[in-house]
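Hi everyone, thanks for coming. Let me put the structure up on the screen, and then we can walk through it together.

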Amino acid sequence: MKVIELHRSVTESNDRDAQKLNQELKEKGLFFINLMSAAGSGKTTLLSRTITDLKDRLKIAVMEADIEADVDAKRIEELGAVSIQVHTDGMCHMDAGMTRKGLEEMDLEGIDLVFLENIGNLICPAEFATGAAKNVMILSIPEGDDKPLKYPLMFQTSDVLLITKLDTASYFSFDLDKCIERVRYLNPDIRIFVVSAKTGEGMKEWEDWLIQETKDWKENKDA
Ligand SMILES: Nc1nc2c(ncn2[C@@H]2O[C@H](COP(=O)(O)OP(=O)(O)OP(=O)(O)O)[C@@H](O)[C@H]2O)c(=O)[nH]1
Ligand SMILES: [Mg+2]
């Protein structure tokens, strides 16, 4: 398992670095998604299920960012997918320069889609662009339907929201309609999928979206 130590990028503008990386990835036709959520909301579980379900349709690689450990990258590697573990020197987010370094260390030959599993929290990752084509976030049902009120920037900077752990809905007083209304107030254009990575419910819609977006990104690579 490859583990890379990264340090804060010292550059004038993270936004500019992110834009440059985004453009380069477009030229290569490599679709790159920044996956964000609170710790333990189910990022690695969702990625594992997605990789397994799509193994005959998309070649997926994962960059696992954590402050310590390599357990998540090992979980992905066990599925036979390309993965790398990066450590962020104690920082609670990835920036564009760090992301670029991580990507450079990965063997991306033949890969269609790369996920960055960002550090688990709903605050810092939302403040730093990574160069990703799409920002995707997870809110799991046990976290509560009030999270859009408390962490609005995360919901505003995401292109897609996955409401997960649907199989646990009967144990929590999570008002799905109210939650979606709060999210749409912050971000009317956000795409929402309601899923369970455990039972597979709703996963097909999310996976169809991924297949289509990866294809569109590739086809527009010279645009
Ligand atoms: N019931 C249920 N449990 C889930 C689901 N998805 C994830 N979990 C559980 O939630 C816990 C955390 O899942 P992870 O995938 O490790 O979460 P994570 O967001 O990657 O965690 P960090 O990387 O530590 O931030 C595990 O016990 C999973 O089994 C789901 O859809 N339903
Ligand atoms: Mg994880």
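Let's start at Lys165, which sits in the loop between β7 (160-164) and α8 (176-186). Please keep in mind that what you see is a predicted model. Lys165 has a positive phi of about 60°, although it is not a glycine. Is Lys165 buried or exposed? It counts as buried, because 24 C-beta neighbours lie inside 10 Å, and the cut-off for buried is 20 or more.

Now please look at Ala69, in the loop between β3 (60-66) and α3 (71-77). Ala69 also is not a glycine, and its phi is positive, at about 70°. Its surroundings are another matter: Ala69 has 12 other C-beta atoms within 10 Å, so it is exposed; the limit for exposed is 12 or fewer.

One more loop residue, and then we move on. Gly90 is found in the loop between β4 (82-87) and α4. With 9 C-beta neighbours inside 10 Å, Gly90 is another residue that counts as exposed. If you trace from Gly90 to Ile138, you cover 48 residues in sequence, and from C-alpha to C-alpha the two are 22 Å apart in space.

Let's step back to the whole chain. How many helices and strands does the protein chain have? There are 9 helices and 8 strands. The radius of gyration is 16 Å, close to the 17 Å that the globule rule gives for 223 residues, so the chain is as compact as a globular protein of that length. Along the principal axes, its C-alpha trace spans about 45 × 40 × 40 Å. Of the 223 residues, 39% count as buried. As for contacts between residues at least 6 apart in sequence, 77% of them join residues at least 24 apart.

Next, the sheet. In what order do the strands lie? Following the open sheet across, you read β1-β4-β3-β5-β2-β6-β7-β8, and the pairing is parallel. At the edges stand β1 (3-5) and β8 (191-194); each has a single partner strand, so one side of each is left without a neighbour in the sheet. On average, neighbouring strands here are turned by 20° against each other, direction ignored. For a closer view, take β2 (residues 31-36) and β5 (residues 113-117), two parallel strands joined by 5 bridges. There you can find Phe31 opposite Leu113 in β5.

On to a pair of helices. Two packed helices are described by the angle between their axes and the distance between the axes. For α1 (residues 14-28) and α4 (residues 96-104), the angle is about 35° and the axes are 8 Å apart. On the α1 side, the residues that meet α4 are Asn14, Asp17, Ala18 and Leu21; their counterparts in α4 are Ala96, Gly97, Thr99 and Arg100. Sorted by class, this contact has 3 nonpolar, 3 polar and 2 charged residues.

Finally, ligand 1. Which residues come nearest to ligand 1? Of the 17 residues around it, they are Gly42, Lys43, Thr44, Thr45 and Gly120. Helix α2 (residues 43-53) gives the most to this shell, with 3 residues. In terms of class, the shell around ligand 1 has 10 polar, 5 charged and 2 nonpolar residues.

That's the tour. Thanks for listening, everyone!

How values were computed
Residues are numbered from 1 along each chain as its sequence is written. Chains are lettered from A and ligands numbered from 1 in the order in which they are written. This is a predicted model: local features need pLDDT of at least 70, side-chain atom pairs count only at pLDDT 80 or more; totals for chains, interfaces and linings use all residues. Two strands pair if DSSP finds at least two bridges between them. Helices (H or I, at least four residues) and strands (E, at least two) are DSSP runs, numbered from the N terminus. Axes are lines fitted to C-alpha atoms, for helices over the stretch in contact, and angles run from 0 to 180 degrees between N-to-C directions. A residue is near a molecule or strand if its C-beta atom, placed from the backbone, lies within 6 Å of it. Ala, Val, Leu, Ile, Met, Phe, Trp, Tyr, Cys and Pro count as nonpolar, Asp, Glu, Lys and Arg as charged, and the others, Gly among them, as polar. Two residues are in contact if their C-beta atoms, placed from the backbone, lie within 7 Å. The radius of gyration is taken over C-alpha atoms; the globule rule is 2.2 Å times the number of residues to the power 0.38.
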